[in-house]
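Here is a short note for a colleague who is meeting this structure for the first time. Please keep the view open and follow the points in order.

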Amino acid sequence: MVGEWRVTALSDGFLRLDGGAMWGVVPATIWRAMTPAAEDNTIRLALRPFLLERGTQKVVVEGGVGDRWSDKLRGIYHIDRSTSLRETVIACGVDPDQITEVVASHCHWDHIGGLVEETDGVPAPLFPNARHFMPQVEFEMAKDPDPIRRGSYRPEDALPLEAAGLVEAFDARDVASLELFDGLHVRHVGGHSDGVCLVTVNEMASGETAAFWADIVPTTHHIQPPYIMAYDVNAGVSYEQRSALLEEAAREGWIGMFYHDADRAFARIVREGRRFGLGDVELIGGS
Ligand SMILES: [Zn+2]
């Protein structure tokens, strides 16, 4: 529980990405101990959206990878959808039609790909009644990616949501924090991608605050400021923003929600001398 919100970890399966790319300049002798690599040097990563429930309001944060993949790409990324966003939402006793809002931190294919399903070649939104909030620069890039970002965005993820009239693109770049609706804020961060945002729950209320780290801190192992992915488009911005946010998270005792961590959905970030460490979060059922 985070204030009035019940927060549940969902799953859209797993994929594997190159360990070196996930760890940037960090030497393999250090990262292999934290995230073991397979023979092809890939590491296992979760695709873990979250469900926020408060009365009839049911919010999905982040959209998974989805099932619209060729056999070739499915193989390259080792996409494993033995669990899916649809199934795990239903397992919470919620019908996809009941989802009222979707919030995406950014529009890379592994973060919004699961918001569209395809039946007999016809794409349709998984959550047809939900307002879909996405950073505007991200949504524009997804619709028409430039050459250097083409590997990270797919128009076929963005266009069906736009055609359905569900997208509410927001611009959080000129404000410290933008309230999308009561109890839910986004903060523009950048670094990893041009528009990536930190999503916070209950930030302005009394009591606990939770932060969805998206790809700003992709796993609970990436909690030292220089542990920056090679995928980040601006490592300098990533370093500055991550340093400040990790410090704030430790000082304020935020509950962290982690998207790509293979094992752990929730953890706090704590100060351990000059480094950051992890603290536990009290959970109701599950782990
Ligand atoms: Zn990602």
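Which strand holds valine 199? The answer is strand E13. The points below start from there, after one caution: the model is predicted.

1. **Valine 199.** This residue of strand E13 counts as buried, at 1% relative accessibility. Buried here means under 20%. Setting aside neighbours within four places in sequence, valine 199 is in contact with Val61, Val103, Ser105, Leu184, His185, Val186, Ala210, Ala211 and Phe212. Glutamine 241 is 42 residues away along the chain. The C-alpha atoms of valine 199 and glutamine 241 are separated by 14 Å.

2. **Serine 105.** One of the contacts of valine 199 is Ser105, so look there next. Serine 105 sits in the loop between strand E6 (101–103) and helix H5 (109–112). Is serine 105 buried or exposed? Serine 105 is buried, because its relative accessible area is 0%. Its side chain makes a polar contact of 2.6 Å with the side chain of glutamate 62. A second polar contact, of 2.8 Å, joins the side chains of serine 105 and histidine 106. Beyond four places in sequence, serine 105 is in contact with residues including Glu62, His111, Pro135 and Gly195. Val196, Cys197, Val199, Phe212 and Ala214 are also among its contacts.

3. **Asparagine 202.** Go back to strand E13 (197–201) and follow the chain onward. Asparagine 202 lies in the loop between that strand and strand E14 (210–212). Asparagine 202 counts as buried, at 9% relative accessibility. What lies 3.0 Å from a polar atom of its side chain? The backbone oxygen of glutamate 208 does. Asparagine 202 also touches Val2, Gly3, Trp5, Gly183 and Thr209, among residues over four places away in sequence.

4. **Threonine 8.** Now move to strand E1 (residues 6–9), the place of threonine 8. Not counting residues up to four places away in sequence, threonine 8 touches Pro49, Phe50, Leu51, Glu53 and Cys92. Threonine 8 and histidine 106 are 98 residues apart in sequence. Their C-alpha atoms are 20 Å apart in space.

5. **Helix H7.** This helix covers residues 155–163. Which of its residues are buried? They are Asp157, Ala158, Pro160 and Leu161. The buried residues of H7 pack against two helices, H5 and H6 (136–143). They also pack against strands E7 (116–119), E8 (122–125), E9 (131–135) and E10 (167–170). Just after H7, glycine 165 takes a positive phi of about 70 degrees.

6. **Positive phi outside glycine.** Two loop residues deserve a look. Asparagine 41 is not a glycine, yet its phi is positive, at about 70 degrees. Asparagine 41 lies in the loop between helix H2 (28–34) and strand E3 (42–46). Aspartate 120 also has a positive phi, near 50 degrees. Aspartate 120 lies in the loop between E7 and E8. Aspartate 120 is exposed, with a relative accessible area of 80%.

7. **Arginine 251.** Helix H8 (residues 235–252) is the place of arginine 251. Arginine 251 is exposed, with a relative accessible area of 58%. Arginine 251 and valine 270 are 19 residues apart in sequence. From C-alpha to C-alpha they are 7.7 Å apart in space.

8. **The chain as a whole.** Step back now. How many helices and strands are there in the protein chain? There are eight helices and 17 strands. The radius of gyration is 18 Å, close to the 19 Å that the globule rule gives for 287 residues, so the chain is as compact as a globular protein of that length. Along its principal axes the C-alpha trace spans about 55 × 45 × 40 Å. Buried residues make up 54% of the 287 residues.

9. **Contacts, surface and charge.** Take the contacts in the protein chain with a separation of 6 or more: residues 24 or more positions apart account for 67% of them. The accessible surface comes to about 12,300 Å². Carbon and sulfur atoms hold 50% of that surface. The chain has 26 positive and 44 negative charges, and the mean positions of the two sets are 4 Å apart.

Key. Residues numbered from 1 in each chain as written. Heavy atoms only, no water. Helix = DSSP H or I, 4+ residues; strand = E, 2+ residues; numbered from the N terminus. Rg over C-alpha atoms; globule rule 2.2 N^0.38 Å. Buried < 20%, exposed > 50% of the residue type's maximum accessible area, 1.4 Å probe, protein only. Contact = heavy atoms within 4.5 Å. Areas by Shrake-Rupley, 256 points an atom, 1.4 Å probe, with all protein chains shown as cover. Lys, Arg positive; Asp, Glu negative; His and termini not counted. Charge placed at Lys NZ, Arg CZ, Asp CG, Glu CD. Polar contact = N/O pair within 3.5 Å; in protein donor to acceptor, adjacent residues only side chain to side chain.
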